[in-house]
Amino acid sequence: MTPTPAPHSTVPGTADLDNPLYYLENFETVVRWVRQHHSDLLTTEETGNIDNLLALKKPARALLARMVMRSGELFRVEKLSYSELGEPVADAAQALARNGWIDDTPNLHLTDLFRLFTLAELRPALADRISAAGLPPGAAKRLLRDTLVPMHPDPALVNQWLPGFPTTVVRLNHMPLFDRLRLMFFGNLRQTWSDFVLVELGHQQYEQVPLSSESRAFDERNHVDCYLVMHHCRERLDQDEPPETVWQDVPAASDNAWLESRRGRLLFELGKLAERSGNQELALVAYAQSGHREARLRQLRLLERLKRYREAWQLATSAGHQPGAGAEGRGLERILSRLAKKLSEPAPLHATRPAITAFTLELENPAGYSVEWVTMERLSKPETPVAYVENTLINGLFGLLCWRALFAPVPGAFFHPFHTGPVDLYREDFVTRRQALFDECLDTLATDEYKREIRNTWRQKQGLASPFVVWPVLSQEVLDLALECIPASHLELMFRRLLDNLREHRSGFPDLIRFQPDHAEPGQRYEMIEVKGPGDRLQDHQTRWLEFCVDQGIPVSVCYVRWKEAGE
């Protein structure tokens, strides 16, 4: 039995872009990482293939990396030109063929030829077939393809299709293995090999999260298999296969929370496609089984359109007791109001919207400057400095205080040492899986301990990639003013609202913050100001933040800017 992989102790090396084979180094970083940390999820044949790959000479390995990064599995060897290999591509290709990485005599369908060869190359070789089909010699490539392909469905060697033509076509083998490696490294199949292989990883610093067998998303090989099945289902939907047939192959619910989140997303997309195609019943079933944050509202709206008002009312009423934060809560309010009228039910009580303080400024309109910047310059005074922070300040303070919770090595959060943040950040159970850690972080707000924690993290983690901290904006001056002027109670209120829905609530903060460090009242030593230029209006997510702040006694206002007319 293969031993459980040990946690990594060092960060894999990152290639220098000055090295012409830098892409090979990065490619092999992925391969070696999976070989080391996920060997128990690979078959003996797969690990043997990986070891065979790594034992090849460098030119062959580099050519294989290039081919894996390109689209498709068929290549014309004479069209591959990589001078950095140090030997002819044909020689490297022969080495790959001897070791089973490519097939140098593949059978090709006629569709493959139309993709690989130009019309000028094909027309002479296919002249007899073109004539037999009754097509003119000068027919366009698409017409030739659409006519000839159905007439010649069987595959053949390239020299049988194109006798005497000087070409070598090869097919890349083992692409399922490379997809599996990519999945286990990235945690998704959305990212391509090029996303990792063709970048200079050394330009960014990353938090080093201790990765072990306990923190992996994939506990068993069948978890990887399940993901691959779901990915194939999504590809089939993208290729316009009817959702009814794809539905038959959607895996059953999993006890793996990370996989179940992916399954919920797949069911949500399948439900939308089923709804558009007119299969409302399948859509309702898919929405009901999906844990996606938008699925419940889609299900309710569909029930409304089907005039199944009582069923919708029962579901919406039940959901209303624990509505999702942000957009779903507002959506449920609107749906319940409509349903109450149709069913003669008592109208649900809605909270009164608080009044938001607003003021107007008339300013010059200097070219090249944003309205926010001009407003900041106008409002800022030595005793009451104003900073243009938008979504960076509160998010940054949150990211610093809760750094250890955000970068906790929980299963499915980190797959390799080059993440800018946890990959499950916007998943529905992100907070609940770290609830104790977040509670510990927020508990420090009860004393001045939070200031020390934030400052220490700011110093120790300076420059490390974070989904919440924008280092160039969060300067020492802004940090000190924020900790001096914003009460801990206000920070806690805003941080807890952030945690209610990180995807929605991390945006919508006011543009400016005006500090008033000498104000006698602690709760009035700052004010957050949303700036709206001529013709601009508040967006829903901005209004929700402003209303929340007003309700909680957090000082906010909206500044409406009017440009001065010439001559005023």
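**Exercise 1. A salt bridge between two strands**

Determine whether Arg 514 and Glu 527 are buried or exposed in this predicted model, and describe how their side chains are paired.

*Solution.*
Step 1. Both Arg 514 and Glu 527 are buried; that is, each has under 20% relative accessible area.
Step 2. The two residues form a salt bridge in which the closest N and O atoms are 2.9 Å apart.
Step 3. Arg 514 belongs to strand S6 (residues 512-515) and Glu 527 to strand S7 (residues 526-532), so that the pair links distant parts of the chain, 13 residues apart.
Step 4. In general terms, side chains of opposite charge can pair when their charged atoms come close.

**Exercise 2. Two further salt bridges**

For the pairs Asp 249 with Arg 236 and Glu 504 with Arg 544, state the N to O distance and locate each partner.

*Solution.*
Step 1. The salt bridge between Asp 249 and Arg 236 has an N to O distance of 2.8 Å.
Step 2. Asp 249 sits in the loop between helix H13 (243-247) and helix H14 (257-276), while Arg 236 is part of helix H12 (residues 221-238); the partners are 13 residues apart.
Step 3. With a relative accessible area of 38%, Asp 249 is partly exposed, whereas Arg 236, at 10%, is buried.
Step 4. For Glu 504 and Arg 544, the N to O distance is 3.8 Å.
Step 5. Because Glu 504 lies in helix H26 (residues 502-505) and Arg 544 in helix H27 (residues 540-552), this pair ties together parts that are 40 residues apart in sequence.
Step 6. Glu 504 is partly exposed at 21% relative accessible area, and Arg 544 is buried at 13%.

**Exercise 3. A network of charged residues**

Identify the residues that salt bridges with shared partners join into one network together with Asp 429, and characterise the position of Asp 429.

*Solution.*
Step 1. The whole structure contains 40 salt bridges.
Step 2. Those that share partners join Asp 424, Arg 427, Asp 429, Arg 433 and Arg 434 into one network.
Step 3. Asp 429 is placed in the loop between helix H21 (403-406) and helix H22 (435-443).
Step 4. Its relative accessibility is 19%, so Asp 429 counts as buried, the cut-off being under 20%.
Step 5. The side chain of Asp 429 also makes a polar contact of 2.5 Å with the side chain of Arg 427.

**Exercise 4. A three-stranded sheet**

Work out which strands stand at the edges of the open sheet of three strands.

*Solution.*
Step 1. The strand order is S1-S3-S2, and the pairing is antiparallel.
Step 2. Strand S1 (74-76) and strand S2 (102-103) each have a single partner strand, so they stand at the edges, and one side of each is left without a neighbour in the sheet.
Step 3. S2 and strand S3 (residues 169-172) are joined by two bridges; Asp 103 has Arg 171 in S3 as its bridge partner.
Step 4. Helix H3 (residues 58-69) lies across S1, S2 and S3, at about 80 degrees to S3.

**Exercise 5. Strand S8 and its partners**

Establish how many residues of strand S8 are buried, and which strands pair with S8 in the parallel sense.

*Solution.*
Step 1. In strand S8 (residues 556-563), six of the eight residues are buried, and the strand is mostly covered.
Step 2. Strand S4 (residues 358-363) pairs with S8 in the parallel sense over six bridges, and Phe 359 has Cys 559 as its bridge partner in S8.
Step 3. S7 pairs with S8, also in the parallel sense, over five bridges; Met 528 stands opposite Val 556 in S8.

**Exercise 6. Nonpolar packing**

Name the residues of the largest nonpolar core that touch the most other members, and list the contacts of Leu 393.

*Solution.*
Step 1. This core has 151 residues, of which Tyr 23, Phe 27, Leu 63, Phe 178, Leu 393, Phe 398 and Met 494 touch the most other members.
Step 2. Beyond residues up to four places away in sequence, Leu 393 touches Leu 474, Val 478, Ala 482, Ile 486, Ile 513 and Phe 515.
Step 3. Another core, of 19 residues, lies apart from the largest one and includes Leu 113, Leu 144, Val 158 and Val 169.

Key: Residues numbered from 1 in each chain as written. Predicted model: local features only at pLDDT ≥ 70, side-chain atom pairs only at ≥ 80, totals over all residues. Heavy atoms only, no water. Core = buried A, V, L, I, M, F, W, Y, C linked by side-chain atoms within 4.5 Å. Buried < 20%, exposed > 50% of the residue type's maximum accessible area, 1.4 Å probe, protein only. Contact = heavy atoms within 4.5 Å. Salt bridge = Lys/Arg side-chain N within 4 Å of Asp/Glu carboxyl O. Helix = DSSP H or I, 4+ residues; strand = E, 2+ residues; numbered from the N terminus. Polar contact = N/O pair within 3.5 Å; in protein donor to acceptor, adjacent residues only side chain to side chain. Pairing = 2+ DSSP bridges. Axes fitted to C-alpha atoms, helices over the stretch in contact; angles between N-to-C directions.
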